[in-house]
Amino acid sequence: MTLVEIIQSRETLISTMKKYGVVFVLVFMIIGISIAQPAFLSRVNIFNVLTQSSIFGIMALGMTFVIISRGIDISVGSILGLSGVVMASLAQTSSAVSKYYPNLAEMPLIVPILAALIIGGSIGAVSGWLIAKTNIPAFIATLGMMTIARGLALIYADGKPISTLMPSLTALGGKLFGVIPIPVIIYFIAIVVSWILLNNTSFGKNVFAIGGNITAAEVSGVNVSKNLVMIYAYCGLLAGLAAVVFAARVGSVHPGAATGYELTAIAATTIGGTSHSGGIGTIWGAFVGALALAVLRNGLTLLGVGAYWQQVTEGAIIIVAVVVDMRKNVKKH
Amino acid sequence: MSGHKYILQMKNIIKKFPGVLALNGVQLDVGYGEIHSLIGENGAGKSTISKCIAGIYTPTSGEIIFDGKKLEKYNTSQALKLGISMIHQELSPVLTRPIMENLWLGREPKNKLGLVDHKKMYELSKLVLKEIDLEEDPRRLMSSLTVAKMQMVEIAKAVSYNSKLIIMDEPTSALTEKEIKQLFKIMRKLKDQGKSILYISHKLDEIFEISDRVTIYRDGQYIDSREISNIDTKSMINLMVGRDVNEMFPKIDCAIGDVKLEVNHLTHSTHFNDVSFKVRRGEIFGIAGLVGAGRTEVLETIFGIRKKVSGEIKIDGRKVAISRPRDAINYGMAFLTEDRRLTGIFPVLSVRLNIIISNIRKYVGKIGLLDYKRIHEDCDDFVDKIQIKTPDLQQRIENLSGGNQQKVLVARWLLTGPDILFLDEPTRGIDVGSKSEIHKLVTKLAGEGKSIVMVSSELPEVMGMSDRIMVMHEGTVTGILENSKDLTQERLMAYATGNIE
């Protein structure tokens, strides 16, 4: 190799590292953890990590649409709580002890699932509508909806968890052929659907346009209001889907469930390189970001780091990942 | 003058950015008490060199001598202390705070307790504002000022720093004729006090009016420096673009057809009153007037960006209801807006997405997915047709020069296949070469039978391009004039200022 080639290859390495900064952080984390604790790389543990990331990972997919449009949705944790308890109340076995609807016969699985998705989507749509019609900041609109949804969940469930769910629902928390966790399959389907929506539909392009310059989008003929409603509705719908996975894995839903998950979802999206200044972001990034958080949590647990220190480390990683990532968006002149 | 002739000497300056050689060994000499203009096409390196002077960039190599001393690496606050101020192309005042707090930002006068002394700040501000003849209460909020006044405040700031060299990067692009006169008055006053001004502008007539000397750059290279008395417009343009630009306004007469767009008694609650006009197929209809005359607002209201109070709009003789831009686009209208950054481009998005965004529905295939093959074909087509210079279409549009960004926006609107085109200051802030290309394109579109409505503050442009000219003054139409040979700039200005018998 000549000197020039060495320099060139070094330059491409640096630019590649900048481009995929978070992936490198992730790879280094995986290498480090698996050297210290080889059990990390076992098939069971890898699926564990993916399963653990699936709930906030699904939320992060919707959050990616929202953040690319230069918004934020802090209501997704509460949406999970509300759609979760309603779904659970419709999915109890007939033999459940404290049954929410004592006379309700067991229904086909699709009914409670649709209920969760519809509730999630509707609350998101309301947030989107508020943002579009009243021009209040997304943070405020979804802060309001977050509080309302959590309140409604507590009222609906009377503050108590709803449990003894149908086996057909809890089976979704299990494994396909005893190998692949079904939450991971659901997560991957959501990834593919979101990827296509964002990259191959006019809706996706409008999301980028709204985040890139909302005034120009309006002038260019983009139906901004309609698209904002759709963006938040999709984000809410995915929070409803996350509720399904949550109920399936846990086997019961508490009205206070998933408190704080919205922040994890935002963190995952942000780590994955989606820019809060709008117009920039990828589904792939949201996946990598969620995975990085899950690897970190799992790895630190395997290494025997205490839960409190885990939080400190997680916070630091969020900051470092975003600092690294910002560097690639710095204007060159 | 202290022994040496120049306050600023820059020798053999090279500035490299990753992948770009922005300045290739340029020089620049500014004399004491001199107004020195720096001209060149977009991308010539004017902004880069000014940023090097102001300490925003550090040159990769080269020598900077200021007031007899050789300067090493320095930043903006050090530059200010040395006596170098820069008034930026885009102002960034703190809008929600008063004038005086903007003036003394970061160096507020303090009392004994170390707290901000507002009374002293007020007195000092009054003095500084008086020095540049700006009669404003220092306690007025920045947000209540016009762009021109904000610029004056910036100049006041430079004065308050006792700057020896003031760099002005396109200060007049948003000013009215009157405001420009006021600015020039102040510039001459500063010059008489022995201060030097480096003036950057695209407007050649202004350069002839105000400067003592002029330096020309092209593609990051120094071309020439001349006394202003030693150069004329034609040679200036030739030096800038490196070729002859003969066809400044290539208007060709073309067949004018039936009335396409008709506006009757259109009224807006604040901006304009009772505006009526007709535009025919193949016609270029100019709208002239001073800033604040309501020209842009008329277009915005027709296009559905603003709400009208009364009046009607007819297309092909039929009354149409337009309540948002989407409706206007569906009626075959397109609107190249005045403020490229605010209402035009999507800075971080690709050139390609910037081209197709208004037309995205056309590319949705059978199952709702986008047909990328057709998108690529159409975009490539336009890049060839109107010569957009970009390394590739995945490039962010913010990396393109102003002229090329404007061409991308033109492509966006042409892709919608419009019959009526609104062009609001279509060549503002873009270089001479791109300007003439856009003029040619506009003429060609008119030749294809499209109706074109063009707002422009540059009288030569309106007069060179239009078939008819509507002149507005403070929200009312003062006249619709045939653009004949005997129409003079003076007569147009009389209409624009409302001074008609």
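**Exercise 1. Which residue does Glu262(B) stand opposite in S14(B)?**

Let's take it step by step. This is a predicted model, in which local features need pLDDT of at least 70, side-chain atom pairs count only at pLDDT 80 or more, and totals for chains, interfaces and linings use all residues. Residues are numbered from 1 along each chain as its sequence is written, while chains are lettered from A and ligands numbered from 1 in the order in which they are written.

- Step 1: find the two strands. Strand S11 covers residues 259-267 of chain B, and strand S14 covers residues 310-315 of chain B. Strands here are DSSP runs of E with at least two residues, helices are runs of H or I with at least four, and both are numbered from the N terminus.
- Step 2: check the pairing. S11(B) and S14(B) run antiparallel and are joined by five bridges; two strands pair if DSSP finds at least two bridges between them.
- Step 3: read off the partner. Glu262(B) faces Lys314(B) of S14(B).

**Exercise 2. Place S11(B) in its sheet, and find the edge strands.**

- Step 1: look at the other partner of S11(B). S11(B) also pairs with S12(B), in the antiparallel sense and over five bridges. Here Val259(B) stands opposite Arg280(B) in S12(B).
- Step 2: write down the order. The open sheet has four strands, S12-S11-S14-S15 of chain B, with antiparallel pairing.
- Step 3: name the edges. Strand S12 (275-280) and strand S15 (318-320) of chain B each pair on one side only.
- Step 4: add the twist. On average, neighbouring strands of this sheet are turned by 20° against each other, direction ignored; the axes are lines fitted to C-alpha atoms.

As you look at the strands, keep in mind that side chains in a regular strand alternate between the two faces of the sheet.

**Exercise 3. Describe the domains of chain B and decide whether the size of chain B agrees with a compact globule.**

- Step 1: locate the domains. An automatic or database domain assignment gives domain 1 (6-241) and domain 2 (258-332 + 457-501) in chain B. Their C-alpha centres lie 36 Å apart.
- Step 2: count the elements. Chain B has 17 helices and 20 strands.
- Step 3: compare the sizes. The radius of gyration of chain B is 24 Å, which agrees with the value near 23 Å for a compact globule of 501 residues. The radius is taken over C-alpha atoms, and the globule rule is 2.2 Å times the number of residues to the power 0.38.
- Step 4: picture the box. The C-alpha atoms of chain B fill roughly 70 × 50 × 50 Å along the principal axes.

**Exercise 4. How many residues does each chain give to the contact between chains A and B?**

- Step 1: count. Chain B gives 26 residues and chain A gives 21, where contact means C-beta atoms, placed from the backbone, within 7 Å.
- Step 2: find the elements. Helix H10 (325-330) and helix H11 (340-344) of chain B each give two or more residues to the side that touches chain A.
- Step 3: sort the residues. That side of chain B has 18 nonpolar, five polar and three charged residues.

Note on methods:
Axes fitted to C-alpha atoms, helices over the stretch in contact; angles between N-to-C directions. Contact = placed C-beta atoms within 7 Å. Nonpolar A, V, L, I, M, F, W, Y, C, P; charged D, E, K, R; others polar.
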